[in-house]
Amino acid sequence: MPFQFDHLVHFVDSPEEVKEELKKLGLHAVDGGKHDNGGTYNALSYFGLSYIELIGVFDQQLADQPAEKYSLRDTFQKDGYASGLSRIALRSRNLEEEAKRFKSLGLEVIGPVPLGRKRPDGSMINWKLLFAGNPEEKLVLPFFIEWEEADEERRKSLEEQGTIAAHQKGNLSLESVGFAVKDAKAVIEKWETYLGLEQGEAFFDKGLDATGHRLKLSGGDILFYEPEGEGIVSDTLNKRGEKPFIVTISGGNQKEQFKVKNAIYRFV
């Protein structure tokens, strides 16, 4: 597969506050660092190399600077910095090749762009980002990341820093991220082509009153939920448009569901 799931972005007013909220739910979460040029900062909760990034603004003037098309900052600005799940990032070992492939599929492509941030201990972490999209499509594609370090090297480093550590709630894995969409079949066919992923079987989720469609992805599947009646999926579409709204985490000691800053955290 060309990609692996890398991380889910949850935009919040205060990453510190939500970090403590996740800890109360039994998740290990730590401070991340600042994106000095972008005016944002984060806290992180890892499940292997897949993670949730709680991101907020520390400098509104910096955050409001003109943003690259299809970038994360562009999404924040268009969302009016509203709390909730925002985007997902997929990991690649060759963004240059992916950029060429996306262009061949008729997508607009920006990057790869080199970036970095300072960790709380003062060390630097570096990566490249790639943005791609079609202005006629309402649901924004994932953005794409290539880390400077290889996966196992990065995992070892994160474990040594205590960023990756055991969760009180159990041996957890990030199972999937779900998006609210109006026409799941149309969306999944496009994303299957763009991302080179395999579809799973469609299913009905009684709790969400929606039909789910799955794209299989190492590190966390991508689910598209189309509403069958009134409920959280139709509410998300009405209030926020086509957006991610639920993260499912497996391996916990009991099945439960929590609402955290306009997002659903489901444990199965």
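R91 is a buried residue in this predicted model, with a relative accessible area of 6%. Its side chain meets that of D151 in a salt bridge, with N and O 3.1 Å apart. The two come from distant parts of the chain: R91 sits in strand β5 (residues 84–91) and D151 in helix α5 (residues 151–161), 60 residues apart. D151 counts as buried too, because its relative accessible area, 18%, falls under the 20% cut-off. The pair also belongs to a wider group, since salt bridges with shared partners join D6, R91, D151 and R154 into one network.

Across the whole structure, a search finds 18 salt bridges. Here are some of them, for a quick look:

| Salt bridge | N to O distance |
|---|---|
| D151 and R91 | 3.1 Å |
| K69 and E108 | 3.0 Å |
| R214 and D221 | 3.0 Å |

K69 and E108 also link distant parts of the chain, 39 residues apart: K69 lies in the loop between α2 (60–63) and α3 (72–78), and E108 in strand β6 (residues 108–118). Both are partly exposed, K69 at 39% relative accessibility and E108 at 31%. In the R214 pair, D221 is buried, with a relative accessible area of 15%.

Now let's turn to helix α7. Spanning residues 232–240, α7 has V233, S234, T236 and L237 as its buried residues. They lie on the same side of the helix because they cover an arc of only 155° around its axis. These buried residues pack against β9 (170–180), β12 (210–216), β13 (221–227) and β14 (243–252). On the face turned away from them are the exposed residues N238 and K239. After α7 comes G241, which has a positive phi, near 85°.

Conventions
Residues numbered from 1 in each chain as written. Predicted model: local features only at pLDDT ≥ 70, side-chain atom pairs only at ≥ 80, totals over all residues. Heavy atoms only, no water. Buried < 20%, exposed > 50% of the residue type's maximum accessible area, 1.4 Å probe, protein only. Helix = DSSP H or I, 4+ residues; strand = E, 2+ residues; numbered from the N terminus. Arc of directions from axis to C-beta. Contact = heavy atoms within 4.5 Å. Salt bridge = Lys/Arg side-chain N within 4 Å of Asp/Glu carboxyl O.
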